[in-house]
Amino acid sequence: MSMSSSSNTSPKIALVTGGSRGLGRNTALALARRGVDVILTYRSQRAEAEQVVAEIRTLGRRAKALPLDVGHSSGFPAFAAALRAQLAETWQRERFDFLINNAGIGAHALLAETSEAQFDELMRIHLKGPFFLTQALLPLLADGGRIVNLSSGLTRFALPGYGAYAAMKGGVEVLTRYLAKELGGRGIAVNTVAPGAIETDFGGGTVRDNAQVNAFIAGQTALGRVGLPDDIGPVIAALLAEDNRWINAQRIEASGGMFL
Ligand code: NAP
């Protein structure tokens with residue numbers, strides 16, 4: 001079912017941060033398949049981002065890629081201006097409809113060994129980034145729009161080495177509920193999607209490339225395997241469908257049933 005066939009005939013527009021690879025890329029494509037136009041961001045992988053844009057266009061949707069470092073909030077006003085210009089130029093619109101705060105990095109360090117620099121980097125990218133990026137984009141997000149924040153299964157279960165990362169993701173889950181509370185008056189629903197371990201480049205691609213880690217996770221997953229990007233993008237795209245409009249302020253885990 002197309003998401004563009006509601007009373008408003010113009011297609012919905014999604015902004016996916018970190019759309020050049022992994023889950024963001026998969027989400028961008030899943031949204032396009034459902035009739036949503038996409039603006040995706042990349043930090044370093046411009047060529048990969050442009051490939052995703054080209055793929056979205058072959059699906060018949062409009063797409064653009066913009067550079068963004070979510071770890072540097074000082075750049076957010078300029079990014080908002082670039083987004084505003086892109087919306088006007090490509091869509092003749094002033095607002096977009098869906099914000100997916102997905103960009104992120106993996107880091108593995110025991111609590112006893114985590115440096116302040118590692119902690120600060122995770123905090124800037126995973127917590128401060130979504131907080132102030134969302135703030136900067138609020139004037140450009142349409143009333144009745146939606147926000148999805150990416151968290152992790154690691155906020156529910158603990159694996160040694162992910163303490164700082166998971167603490168930031170826990171913050172994102174609280175932020176989600178507060179955003180839902182404060183934006184409800186504008187008809188904006190805000191939810192968290194928490195993937196389990198997924199085979200991407202994340203954290204150096206360990207889950208995908210290390211056979212031992214992969215087998216361990218598969219063994220702890222009710223559905224008996226490790227997740228793939230295609231297990232996540234369609235979840236986010238479906239959550240943003242009109243049929244799911246009443247789901248708000250929720251943490252939805254998509255992990256195949258890890259550590260039950
Ligand atoms: P990935 O394959 O490594 O892709 C990361 C994406 O984020 C890339 O598009 C990258 O851009 C972008 N990015 C990284 N740092 C950035 C920064 N400082 N500013 C802006 N963009 C940045 O990772 P992924 O697995 O898709 O992860 C996506 C999200 O899902 C993250 O929030 C992660 O915490 C979460 N998550 C992942 C897993 C998993 O097992 N994979 C599980 C639970 C949650 P470039 O390509 O341009 O570098």
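**Exercise 1. Find the loop that holds Ala 249, then describe the residue's backbone and exposure.**

Step 1. Ala 249 sits in the loop that links α8 (233-239) to β7 (251-254). Keep in mind that we're working with a predicted model here.

Step 2. Now look at the backbone. Ala 249 isn't a glycine, and yet its phi is positive, at about 65°.

Step 3. For exposure, take the relative accessible area, which is 26% for Ala 249. Buried would need a value under 20% and exposed one over 50%, so Ala 249 is partly exposed.

**Exercise 2. Do the same for Gln 92: which loop is it in, and is it buried or exposed?**

Step 1. Gln 92 belongs to the loop between α3 (76-91) and β4.

Step 2. Its phi is positive, about 55°, and again the residue is not a glycine.

Step 3. The relative accessible area of Gln 92 is 61%. That is over the 50% cut-off, so Gln 92 is exposed.

**Exercise 3. Work out how helices α6 and α7 pack against each other.**

Step 1. Start with what to look for: a pair of packed helices is described by the angle between the axes and by the distance between them.

Step 2. Here α6 covers residues 202-209 and α7 covers residues 211-219. Their axes come within 6 Å and cross at roughly 70°.

Step 3. Angles from 65 to 115 degrees count as roughly perpendicular, so α6 is roughly perpendicular to α7.

Step 4. Next, pick out the residues that make the contact. From α6 they are Thr 206, Val 207, Arg 208 and Asp 209, and from α7 they are Ala 211, Val 213, Asn 214 and Ile 217.

Step 5. Sort them by class, and the contact of α6 with α7 comes out as 4 nonpolar, 2 polar and 2 charged residues.

**Exercise 4. Follow strands β4 and β5 through Leu 99, Val 148 and Gly 145.**

Step 1. Place Leu 99 in strand β4. At 1% relative accessibility, Leu 99 is buried.

Step 2. List what Leu 99 touches, skipping residues up to four places away in sequence: Leu 15, Thr 134, Leu 137, Leu 141, Arg 146, Ile 147 and Val 148. For a distance check, the C-alpha atoms of Leu 99 and Gln 51 are 21 Å apart, with their positions 48 residues apart in sequence.

Step 3. Move over to Val 148, which is in strand β5. Val 148 is buried too, with a relative accessible area of 1%.

Step 4. With the residues up to four places away again left out, Val 148 touches Leu 99, Ile 100, Asn 101, Asn 191, Val 193, Ile 236, Leu 239 and Leu 240. The C-alpha atoms of Val 148 and Val 190 are 5.8 Å apart, although the two are 42 residues apart along the chain.

Step 5. Stay in β5 (residues 141-150) and go to Gly 145. This glycine counts as buried, at 1% relative accessibility.

Step 6. Beyond its neighbours within four places in sequence, Gly 145 is in contact with Asp 97, Gly 187, Ile 188 and Ala 189. C-alpha to C-alpha, Gly 145 and Val 190 are 9.0 Å apart, and 45 residues separate them in sequence.

**Exercise 5. Asn 102 lies in a loop; is it buried or exposed?**

Step 1. The loop in question runs between β4 (96-101) and α4 (116-137).

Step 2. Asn 102 has a relative accessible area of 13%, which is under 20%, so it is buried.

Step 3. To see what is around Asn 102, ignore residues up to four places away in sequence. Asn 102 then touches Thr 17, Gly 18, Leu 23, Gly 24 and Leu 150.

**Exercise 6. Step back and describe the protein as a whole.**

Step 1. Count the secondary structure: 8 helices and 7 strands.

Step 2. Check compactness. The radius of gyration is 18 Å, close to the 18 Å that the globule rule gives for 260 residues, so the protein is as compact as a globular protein of that length.

Step 3. Add the dimensions: along the principal axes, the C-alpha atoms fill a box of roughly 50 × 40 × 35 Å.

Step 4. Turn to burial and surface. Of the 260 residues, 47% are buried. The accessible surface is about 12100 Å², and carbon and sulfur atoms hold 53% of that.

Step 5. Finish with contacts. Among those with a separation of 6 or more, 75% join residues 24 or more positions apart.

Technical notes:
Residues numbered from 1 in each chain as written. Predicted model: local features only at pLDDT ≥ 70, side-chain atom pairs only at ≥ 80, totals over all residues. Heavy atoms only, no water. Axes fitted to C-alpha atoms, helices over the stretch in contact; angles between N-to-C directions. Helix = DSSP H or I, 4+ residues; strand = E, 2+ residues; numbered from the N terminus. Parallel < 35°, antiparallel > 145°, perpendicular 65-115°, else oblique. Contact = heavy atoms within 4.5 Å. Nonpolar A, V, L, I, M, F, W, Y, C, P; charged D, E, K, R; others polar. Rg over C-alpha atoms; globule rule 2.2 N^0.38 Å. Buried < 20%, exposed > 50% of the residue type's maximum accessible area, 1.4 Å probe, protein only. Areas by Shrake-Rupley, 256 points an atom, 1.4 Å probe, with all protein chains shown as cover.
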